[in-house]
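Here's a quick briefing to read alongside the structure. Have the sequence and the 3D view open as you go.

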Amino acid sequence: MKSFMTLFCAGVLTSTLSFAQASGGSAPSAPEAAKAVQNTPATGAKTPILKNGAKFAEAKLSPKSGTKAAGTVSFTKESDGIRVVASLTGVEPGKHGFHIHEKGDCSAEDASTAGGHFNPAGSPHAAPSASVRHVGDLGNIEIKKDGTGTLKITVKNPKDFSAWADISGKSVIVHEKADDLKSQPSGDAGKRIACGLIELSPSTPH
Ligand SMILES: [Cu+2]
């Protein structure tokens with residue numbers, strides 16, 4: 001796990017430098033880093049070897065902060081990113097902030113035990129389409145008048161594969177308000193109305 005995280009950190013540093021200087025240098029490119037991650041053996045760590053098309057993790061969300069919000073979230077590796085599909089019920093209509101938080105602990109009534117956003121690179125909060133953002137920044141889920149909503153998003157950013165491979169044991173949080181995608185550190189999205197532990201799918205090698 002330690003060498004895995006070192007690889008990830010080196011990858012982020014490389015990407016940051018490449019972004020700033022618009023030139024590569026001697027460090028591996030993002031696709032090479034992603035390939036290395038896929039080939040990293042699961043040596044007793046939680047990190048799965050991710051295959052394209054594999055639904056590798058899931059979360060079941062339960063109500064928090066006195067709401068009736070609930071739902072499911074699945075994570076599937078695709079060739080160009082990570083596909084996240086969420087389905088919620090019992091939520092007020094409108095947009096609601098939707099994030100991966102750093103701790104897989106939904107025990108508190110307000111889900112404060114889930115900690116802040118999953119952000120291993122120490123980046124600022126932003127939209128899921130931004131090149132620099134939290135790994136856990138998934139934007140908003142739109143809820144219809146009947147209280148249900150679906151989010152389908154592919155996070156296209158291969159340099160994040162290493163972090164995504166390590167999301168088991170983190171949590172998914174739905175917020176009472178919309179994420180404005182810019183306020184720090186978490187988009188001013190208000191209370192946590194649903195929370196679920198992210199667990200590796202039974203079929204995922206681990
Ligand atoms: Cu959040």
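What follows covers the overall make-up, the strand pairing and the nonpolar core.

Keep in mind that this is a predicted model. The protein has three helices and eight strands, and 42% of its 206 residues count as buried.

**Overall make-up**
- Going from the N terminus, the elements come in the order α-α-β-β-β-β-β-β-α-β-β.
- Take the contacts with a separation of 6 or more: 65% of them are between residues 24 or more positions apart.

**Strand pairing**
- Strands β2 (residues 70-78) and β3 (residues 81-89) run antiparallel and are joined by nine bridges.
- These two strands, β2 and β3, make a hairpin, with two residues between them.
- Within that pairing, Ala70 sits opposite Thr89 of β3.
- β3 also pairs with strand β6 (residues 149-155), again in the antiparallel sense, through seven bridges.
- If you want a spot to look at on the β6 side, try Ile153, the bridge partner of Val84.

**Nonpolar core**
- The largest nonpolar core holds 37 residues, and Val84 and Val174 are the ones with the most contacts inside it.
- Strand β8 (residues 192-200) is the top contributor to this core, giving five residues.
- So much for the core as a whole; which residues is Val174 in contact with, leaving aside its neighbours within four places in sequence?
- The list for Val174 is Leu61, Ala69, Leu88, Val91, His96, Phe98, Ile141, Ile193 and Ala194.

Key
Residues are numbered from 1 along each chain as its sequence is written. This is a predicted model: local features need pLDDT of at least 70, side-chain atom pairs count only at pLDDT 80 or more; totals for chains, interfaces and linings use all residues. A nonpolar core is a set of buried Ala, Val, Leu, Ile, Met, Phe, Trp, Tyr and Cys residues joined through C-beta atoms within 7 Å. A residue is buried if 20 or more other C-beta atoms lie within 10 Å of its own, exposed if 12 or fewer, and partly exposed in between; C-beta atoms are placed from the backbone. Helices (H or I, at least four residues) and strands (E, at least two) are DSSP runs, numbered from the N terminus. Two residues are in contact if their C-beta atoms, placed from the backbone, lie within 7 Å. Two strands pair if DSSP finds at least two bridges between them.
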